[in-house]
Amino acid sequence: MRSLLWLGLFGCLKPPEAAPLPPPTPRLVVFVIVDQFPTRLLDRAKTLATGGFSRLTGPAAWQATARHQHSVTFTCPGHATLSTGTSPSAHGIPSNDWLIDGKPTYCANLDFLRTEPVADVFHEAGGSVVSLSLKDRGAILLGGHYPAAVVYFDKKAGRFTPPFENVDLSKYSTTEWVPLFPEKYAQWFPDDQAFEADPAGRGERTFPHAPLGDKFPGSFLARPEAGTALTEAAIASIDRYSLGADETPDLLTISYSEVDYIGHSFTSDSWEAVDSVLRLDQDLGLLFATLDAKIGAEKYTVVLSSDHGAAPYTSKRINQADLTTAANAALRAQGITGDVLIEDPGVWLPPSLLQEKRLDALKAVAEALEAVPGIARAVPWRDQPASDDAIDRAVRLSVDSERSGDLYLVRDPDALYNYPGAEGLGTSHGTPYDYDQLVPWLMVGAGIHGQVLSVEQDTRSIAPTIANIAGLRSPKDTPNIAVNPR
Ligand SMILES: [Zn+2]
């Protein structure tokens, strides 16, 4: 009725063809997060993609590189940033694990989130939210406070929780992992690299990787089949939760954790990592074909990004025990008896420390830690004014006044921690360097205009952009305006 009235009033003044059509609003936004997805891994894999990534990097796609502004490039802080459009210093998730009164605290809990997730904006407008991941921390923070479902893989039970009866996981203990394009991968690196760790603990560095057998479900998450199973659960969710069934936009988030587990063991620069992304390419191809048939290709939008990248392999390793030893020796030299507690990237001074000894102790411990080979900085962020160099800025965006340690550790660009049982093997992330901060940001579908951006974007722009594509307001706390992809 209202539109007829407006047409009656203004129809005679303006020819209808001159009025720009509003961009189409999707019935469903699918937010895909590839856990541990440095831009260099996409750049290699996309040259061989024929499925979901060929659509996400094709002529209809909006394509950019985005930077996580924080230093704490770990899964939980990264997912919270993608969820809320804010930095860890605002959203309150300063690592995967931290210490409160000396007690370990794990991040996958919405009560810790201090800023508004974009999922809550969809809920407020009447939409449904479903969030899936292989990891609990990949699903919980994206689902917001009112999800229709939060789904993740229960490693003990060997099934999703809540369960999907029609997703048969038992077959995955008997599947062999063979590479899709071995001749192409061989142009980039050899299959057998001495630094590769086998997550199944069988010493297998080369293809084919044998069926898991009794290593299922324990080692399942480091296989590309886990991503296929997650896709099956996502597809089952479309009908189960009536996603995209009406004009009110819904949100489906899917965080693919298997790429992260594979990256940690084999590094992003391995046959296994590239193959895991090309398996994901096929899985996303199947997901998109299903959405095309159920909802219509013009009625949904896909947004893809990542929680962090990863370091290229380096043999320079830091033993965490050496950090504790060096820090405690510095305390003893000050006549202090307590011990530090370290939970990467935080260092906590002993709680018994007298206030008048605090600054001297902090300075001595920082100096001792910075003398350990591989440690670039130990930043006393609470007690020292901010400087404007890039690393210090990234550290300040990473810390929470209640939850972060007294010192914040930054590694050298070419150093990694040694992990028990995998000394000198594999790789990790968690630094303010390009290889960890730079991730892809790709969008395609309803309301998206194909273009390749040359200007680096900010990952805090992704959540408000997702809201605005769906015709919704930005999450409350994001410092960034949405990018206009239309
Ligand atoms: Zn991660």
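This passage describes the two domains of a predicted model and one strand, β8, with its neighbours.

The chain divides into two domains. Domain 1 is made of two segments, 28-312 and 431-469. Domain 2 covers 317-417. The centres of domain 1 and domain 2, taken over C-alpha atoms, are 32 Å apart. The contact between them draws 19 residues from domain 1 and 21 residues from domain 2. On the domain 1 side, α5 (88-91) and β3 (97-100) each provide at least two of the residues that touch domain 2. Strand β3 gives the largest share of that side, with 4 residues. By class, the side of domain 1 that touches domain 2 holds 9 nonpolar, 9 polar and 1 charged residues.

Strand β8 spans residues 250-256. A residue counts as buried if 20 or more other C-beta atoms lie within 10 Å of its own. In β8, 7 of the 7 residues are buried, so the strand is largely enclosed by the rest of the structure. Its residues point in two directions. D250, L252, I254 and Y256 point one way. L251, T253 and S255 point the other way. Both sets are buried.

Two strands pair with β8 in the parallel sense. Strand β1 (residues 28-34) does so over 7 bridges. Here I33 stands opposite S255 of β8. Strand β5 (residues 129-133) pairs with β8 over 5 bridges. In this pairing, V130 has L252 of β8 as its bridge partner. Both L252 and S255 are buried, and they point opposite ways from β8.

Definitions and conventions
Residues are numbered from 1 along each chain as its sequence is written. This is a predicted model: local features need pLDDT of at least 70, side-chain atom pairs count only at pLDDT 80 or more; totals for chains, interfaces and linings use all residues. Domain bounds come from an automatic or database domain assignment. Two residues are in contact if their C-beta atoms, placed from the backbone, lie within 7 Å. Ala, Val, Leu, Ile, Met, Phe, Trp, Tyr, Cys and Pro count as nonpolar, Asp, Glu, Lys and Arg as charged, and the others, Gly among them, as polar. A residue is buried if 20 or more other C-beta atoms lie within 10 Å of its own, exposed if 12 or fewer, and partly exposed in between; C-beta atoms are placed from the backbone. Two strands pair if DSSP finds at least two bridges between them.
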